Amino acid sequence: MKRREFTQMLGLGLAAGMSLPMLNGCSRKPASSESIYNLPKFGNVHFMHMTDAHAQLMPIYYREPSTNIGVHEARNRVPHLVGDAFLKANGLPRDSHLAHAFTYLDFTAAAQQYGKVGGFAHLATLVKQVRASRPGSLLLDGGDLWQGSATSLWTNGQDMVDASKALGIDIMTGHWEFTLGADRVMEIIENDLNGHIDFVAQNVKDFDFGDPVFAGHTMKEMNGVPVAVIGQAFPYTPIANPGHFTPDWTFGIQERELQEEIDKVRKAGAQVVILLSHNGADVDIKLASRVSGLNAIMGGHTHDAIPQAIEVKNAAGELTLVTNAGSNGKFLGVLDFDVQNGKVAGWHYQLLPVFADLLAPDPTMSALIDNIRAPFAKQLNEKLATTEGLLYRRGNFNGSFDQLIVDALMDVKGAEIAFSPGFRWGTSLLPGDDITMEDLMSQVAITYPQTTLNSFTGERIKFILEDVADNLFNPDPYYQQGGDMVRVGGLDYTINPNADSGNRISDMRLNGKPLEASKTYKVAGWAPVAEGVSGEPIWDVVSGWLRNKKSIPLVAAKQPKIIGLNDNQGIA
Amino acid sequence: MVKHMTRNRRSFLKLAGAAIALSIAPLKLLAEFVRPEKALAATDLDGVFAQLGTPTDSDQIMLESPDIAENGAVVPVGVTSNIPGTSKIYVVIEKNPNPLAAAFAIPEGTEAFVQTRVKVAQTSPIYAVVEAGGKLYKTSRETKVTLGGCGG
């Protein structure tokens, strides 16, 4: 029933414009197939793309944002549309599998109806299906693959390395991978990936000498066509995450070096050149316009699931496509090129949602995942509490799961205010679900989990909020870091995303009273970027708190008062 | 295949560090260069330009600095001047307590390219100022200094 209904929805989606604009000479037939997963083959060069899986081997729920504000040029532009505006812009029908995959609308009811998403066993089935119809195709992973779950943390990334080899990932780049530390990353590349997965990153150099740390690109011949995939690791890794994990490496966007890399692979004969990026969608869109010679940037980091490829006019006045493929194993992008006489004559892109109920699990992958999880079964399955309401994280401001974390921090640490990082990973739980240790770890599994209790002046607190707000709302995406706003407990504030740097935050109040600039407040937090900070791991703090509570009533996620936005479709 | 030119130079230095004799910079070349003491002591941009002279904008200067600094204490800055007769290159960090951070003499016949590391106290425009034929030219870009954390 579900599969048939889904197919019908898909038909609607395609008729309403879900299929993508073509270049001249492209003659793909509209998909009228039995299933969304039975994509008719197009062209002769094929890339599958996944990104930001955050180590979610099992199917999960993941609520897309109801707040994803775009400012300046990004205002009301993809991906900064939410809910109905998102559906309308992408021609997707309401109340459908696709509407559920791409938006937060009626999340709980839709999640109950359509089931969980992602899961490597289900993803593996889809990958095999695409490979069968597209011999020679490459599977690209955009990074944030080895971090985000209990088992990835407890195995030092080994579970994901093994699963990604079994999945058949061909090429990858990185971000959270680096929080395992430089030595572990190099060990994995040398011992595990060698001969299986090419780890590419043109923008990571030795700090002292400028030597490349990784291969910048990889070249392959696909169905007689030479293709190149260049890697772009997250440019701000040592800023957004602790720099001490990679003390000898420097990152950055590196436009000039990227252009040199593109020119090099073009000169070597590449007829299709892809940048596998962990920049984030807005940086990808800007970068696409500033270099030439790329057919596509296939990106991730900001967790934006963008159904259509964005057509950008590049520095040479030609077309560069930008795609972003969501997160958590929820989507698989398929980009086809028709290459004739050395030139791209047409293309087709589709972002496929991975619905666990619609794709049978691949038995080999299922067995591997069972083996990975078996030694940890007891810890993973420990029930900490039950949630009465929906718990989720993603969105520009506090999600309900973050609210739970800051509430626990303030309670346990005796703090008036708590901060929690604006991570975009972290899965969702439905009302009535158990909160297991595994669920908690999916919010907090990092290699710098220490909790802290600091005394900050009101002035310092404002400075912190302004600093993070600028990383989210700077008019120039090259000055953004791609996380969401720091999650705040205890404090009310007003934010004007369109204001200048340093002037976005106002009217900070604690229990209704204005925050005083020179007064000192007790502020709890976690995930320090400085080296040598000690403190109880966040999972111990929150799990203890949950065990005592047993049942968590509906959590109202505190939102700042947002001002200065005029008809912004990035907010529900 | 992963290439391991990667850590080669660093690993080599670690192994052979003790044995490497560092070459001594040719200090003689700099003998003619007078330290711009007053400009170095200036505490704002106007003060620096009052000492050096007021530069005009040029698109013949390439300034490379990070968009966001990985570590404000050591921010790599590179300047290339394509202006003929370039004799001096200055690096100015507008919001530093003493904005003039570096001054280089470019001997005649050498490539007008310098690279250095500067401290950037807070988010600031960085200026590359070039002296050529007795005139001053400039270009600038902003480098952001942030607390970090909270990404991804």
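The points below go through selected features of chains A and B in this predicted model.

1. Domains of chain A. The chain is divided into domain 1, which takes in residues 43-57 + 118-369, and domain 2, which covers 382-562. Their C-alpha centres lie 30 Å apart. Where the two domains touch, domain 1 of chain A gives 27 residues and domain 2 of chain A gives 20 residues. On the domain 1 side, the elements that contribute two or more residues are helix H6 (150-154), helix H9 (237-240) and helix H11 (281-290) of chain A.

2. Helix H10 of chain A. This helix covers residues 255-267, and its 13 residues should span 18 Å at 1.5 Å a residue; the end C-alpha atoms are 18 Å apart, so the two values agree. A:Leu258, A:Glu261, A:Ile262 and A:Val265 are its buried positions named here. They sit on the same side of H10(A), because they cover an arc of only 100° around the axis. A:Arg256, A:Glu260 and A:Lys267 are exposed on the other side. One glutamate of H10(A), A:Glu261, is thus listed as buried, whereas A:Glu260 is listed as exposed.

3. Surroundings of H10(A). The buried residues of this helix pack against three strands of chain A: E6 (217-222), E7 (225-232) and E9 (272-277). Just after the helix, A:Gly269 has a positive phi of about 105°.

4. Helix H14 of chain A. Residues 400-413 form this helix; its 14 residues should span 20 Å at 1.5 Å a residue, and the end C-alpha atoms are 20 Å apart, in agreement. H14(A) is largely enclosed by the rest of the structure, because 10 of its 14 residues are buried. The buried set includes hydrophobic names such as A:Phe401, A:Leu404, A:Ile405 and A:Val406, and also A:Asp402, A:Gln403 and A:Lys413. A:Gly414 follows the helix, with a positive phi near 65°.

5. A:Ala524 and its contacts. This residue belongs to strand E23 of chain A, residues 520-526. With 26 other C-beta atoms within 10 Å, A:Ala524 counts as buried, because the cut-off is 20 or more. Leaving aside residues up to four places away in sequence, A:Ala524 touches A:Leu409, A:Met410, A:Lys413, A:Ala415, A:Ala418, A:Thr451, A:Thr452 and A:Leu453. Two of these partners, A:Leu409 and A:Lys413, are among the buried residues of H14(A). By C-alpha atoms, A:Ala524 and A:Thr151 are 27 Å apart in space and 373 residues apart in sequence.

6. A sheet in chain A. Three strands make an open sheet with mixed pairing, in the order E17-E15-E24. Its edge strands are E17 (434-436) and E24 (551-552), each of which pairs on one side only. Strand E15 (residues 383-387) runs antiparallel to E17(A), and three bridges join them. A:Thr386 has A:Asp434 of E17(A) as its bridge partner. Helix H15 (residues 437-444) of chain A lies across E15 and E17, at about 65° to E17(A).

7. Chain B. The chain has three helices and eight strands. Along the sequence the pattern is α-α-α-β-β-β-β-β-β-β-β. Of its 152 residues, 33% are buried. Among contacts in chain B with a separation of 6 or more, 63% join residues 24 or more positions apart.

Terms used:
Residues are numbered from 1 along each chain as its sequence is written. Chains are lettered from A and ligands numbered from 1 in the order in which they are written. This is a predicted model: local features need pLDDT of at least 70, side-chain atom pairs count only at pLDDT 80 or more; totals for chains, interfaces and linings use all residues. Helices (H or I, at least four residues) and strands (E, at least two) are DSSP runs, numbered from the N terminus. A residue is buried if 20 or more other C-beta atoms lie within 10 Å of its own, exposed if 12 or fewer, and partly exposed in between; C-beta atoms are placed from the backbone. Two residues are in contact if their C-beta atoms, placed from the backbone, lie within 7 Å. Two strands pair if DSSP finds at least two bridges between them. Axes are lines fitted to C-alpha atoms, for helices over the stretch in contact, and angles run from 0 to 180 degrees between N-to-C directions. The expected span of a helix is 1.5 Å times one less than its number of residues. The arc is that of the directions from the helix axis to the C-beta atoms. Domain bounds come from an automatic or database domain assignment.
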